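Me: I am new to this structure and would like to go through it step by step. Please show it to me before we begin.

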Amino acid sequence: MGKSPDWLYIDHATCGSPAWIGKGLTCVCFKRKGNCQRICISLTPLQEERLRRLKRRMKVYFDASKLEHQEALRALWSASFPDQELQSLISDQWKEMGWQGRDPSTDFRGAGFISLENLLFFAKTFSTSFQRLLKKQGGKGAVWEYPFAVAGVNITFMIMQMLDLDATKPRTFVRAVFLQMLSENEWAFDLLYCAAFVVMDKLWLERNATYMEFNDVLKSTRVQLEKELLMDDVLRIEDMPSYSLLC
């Protein structure tokens with residue numbers, strides 16, 4: 001990830017501690033927009049364990065030869081099109097979901113197996129929102145619709161970059177805030193993904209975007225997520241305004 005925003009720097013001054021900060025940990029203060037907020041750099045054992053698990057998920061490549069990965073693909077199809085039987089893991093049917101070709105495994109290279117897990121989590125946890133986006137039921141459509149599944153993979157990759165989870169220490173306030181949320185809910189990453197997807201779709205429709213504008217819409221989605229994560233009253237993913245769009 002690039003340089004931290006110019007409003008972010010470490011200050012060892014004394015300041016108040018938000019309610020969700022653990023006690024007895026080594027903390028530093030971040031000054032943000034004139035306000036002093038305390039973030040713990042030393043993670044709790046729970047945070048460390050959940051971060052390790054998430055990092056392990058992020059490092060798993062999609063492997064079409066693995067039975068577990070094949071079953072996850074079949075589960076995604078069943079959740080997406082419960083009334084249609086999948087003929088084969090390599091089939092033209094996958095294009096209906098917005099994969100680039102007959103073999104969806106070739107589209108996972110950028111984000112790995114976790115991007116498939118994210119799509120499956122979205123389909124099972126917020127089935128109404130998932131189906132609405134998959135089937136373009138959101139009112140006025142854009143001139144050229146985005147490919148749903150490939151967009152999902154790109155959203156996973158965007159969130160991985162935004163959170164900068166491989167960094168040894170927090171380099172942005174967004175990352176530090178997310179780690180606190182992760183200690184509250186092990187599925188924070190997946191919930192953030194679902195919120196990101198509905199934000200991206202909303203921005204896409206509002207702009208009546210074309211496929212050539214997809215990257216711009218994705219950048220705007222990231223800006224919106226970062227803005228919401230930094231709100232004072234957002235202590236969990238469920239507190240984000242965009243989360244209310246999910247159903």
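What follows is a set of questions and replies on this predicted model.

Me: In what order do the elements of the protein chain run from the N terminus on?
Reply: The protein chain has eight helices and three strands. From the N terminus on, the elements run β-β-β-α-α-α-α-α-α-α-α.

Me: What percentage of the residues in the protein chain is buried?
Reply: A residue counts as buried when its relative accessible area is under 20%. The protein chain has 247 residues, and the buried share of them is 49%.

Me: How much area does the protein chain expose, and what part of that do carbon and sulfur atoms supply?
Reply: The exposed area of the protein chain is about 12500 Å². Of this area, carbon and sulfur atoms supply 51%.

Me: Among contacts between residues at least 6 apart in sequence, what percentage joins residues at least 24 apart?
Reply: A contact needs heavy atoms within 4.5 Å. Among the contacts in the protein chain between residues at least 6 apart in sequence, the share that joins residues at least 24 apart is 61%.

Me: Is F122 buried or exposed?
Reply: F122 lies in helix 3, which covers residues 113-125. Its contacts beyond four places in sequence include S127, L133, C194, V198 and L246. The relative accessible area of F122 is 0%, so F122 is buried.

Me: How far apart in space are F122 and Y193, C-alpha to C-alpha?
Reply: F122 touches Y193. The two are 71 residues apart in sequence. In space, C-alpha to C-alpha, F122 and Y193 are 8.0 Å apart.

Me: Which residues form one aromatic cluster with F122?
Reply: Among the residues that F122 touches are F130, Y193 and F197. These three belong to one aromatic cluster with F122, and F148 is also part of it. The residues asked for are F130, F148, Y193 and F197.

Me: How many aromatic pairs does the structure hold, and what is the angle between the planes of F126 and Y243?
Reply: The structure holds 15 aromatic pairs. One of them is formed by F126 and Y243, with 5.8 Å centre to centre. This pair is edge-to-face, and the angle between its planes is 85°.

Me: How many residues apart are F126 and Y243?
Reply: F126 is in the loop between helix 3 and helix 4, while Y243 is in the segment after helix 8. The pair links distant parts of the chain, its members being 117 residues apart.

Me: Is F126 buried or exposed?
Reply: Buried means under 20% relative accessible area. The value for F126 is 8%, so F126 is buried.

Me: What separates Y193 and F197 in helix 7?
Reply: Y193 and F197 form an edge-to-face aromatic pair, 5.9 Å centre to centre with 90° between the planes. Both residues are buried. They are four residues apart in helix 7, so what separates them is about one helical turn.

Me: How many residues of helix 7 are buried?
Reply: Helix 7 has 20 residues and should span 28 Å at 1.5 Å a residue, which agrees with the 28 Å between its end C-alpha atoms. Helix 7 is followed by N208, whose phi is positive, near 50°. The helix is mostly covered, and its buried residues number 16 of 20.

Me: Within what arc do the buried residues of helix 8 fall?
Reply: In helix 8, the buried residues are F214, V217, L218, T221, L225, E228 and L229. Seen down the helix axis, they line one face, because they fall within an arc of 110°.

Me: Which exposed residues does helix 8 carry on the face turned away from its buried side?
Reply: The cover over the buried residues of helix 8 includes helix 5, helix 6 and helix 7. The face turned away from the buried side carries the exposed residues K219, V223 and K227.

Me: Which residues is A149 in contact with, leaving aside neighbours within four places in sequence?
Reply: A149 is in helix 5. At a relative accessible area of 0%, A149 is buried. Leaving aside those neighbours, its contacts are M97, G98, W99 and L119.

Me: How many disulfides are found in the whole structure?
Reply: C194 counts as buried at 0% relative accessibility, and C247 counts as partly exposed at 46%. A disulfide needs two cysteine sulfur atoms within 2.5 Å. In the whole structure, the number of disulfides found is zero.

Notes
Residues are numbered from 1 along each chain as its sequence is written. This is a predicted model: local features need pLDDT of at least 70, side-chain atom pairs count only at pLDDT 80 or more; totals for chains, interfaces and linings use all residues. Side-chain values use heavy atoms; hydrogens and water are left out. Helices (H or I, at least four residues) and strands (E, at least two) are DSSP runs, numbered from the N terminus. Buried means under 20% relative accessible area, exposed over 50%, partly exposed in between (1.4 Å probe, protein chains only). The arc is that of the directions from the helix axis to the C-beta atoms. Accessible areas come from the Shrake-Rupley method with a 1.4 Å probe; for residues, only the protein chains shown count as cover. Rings of Phe, Tyr and Trp (its six-membered ring) pair if their centres lie within 6.5 Å; planes under 30 degrees apart count as stacked, over 60 as edge-to-face and the rest as tilted. The expected span of a helix is 1.5 Å times one less than its number of residues.
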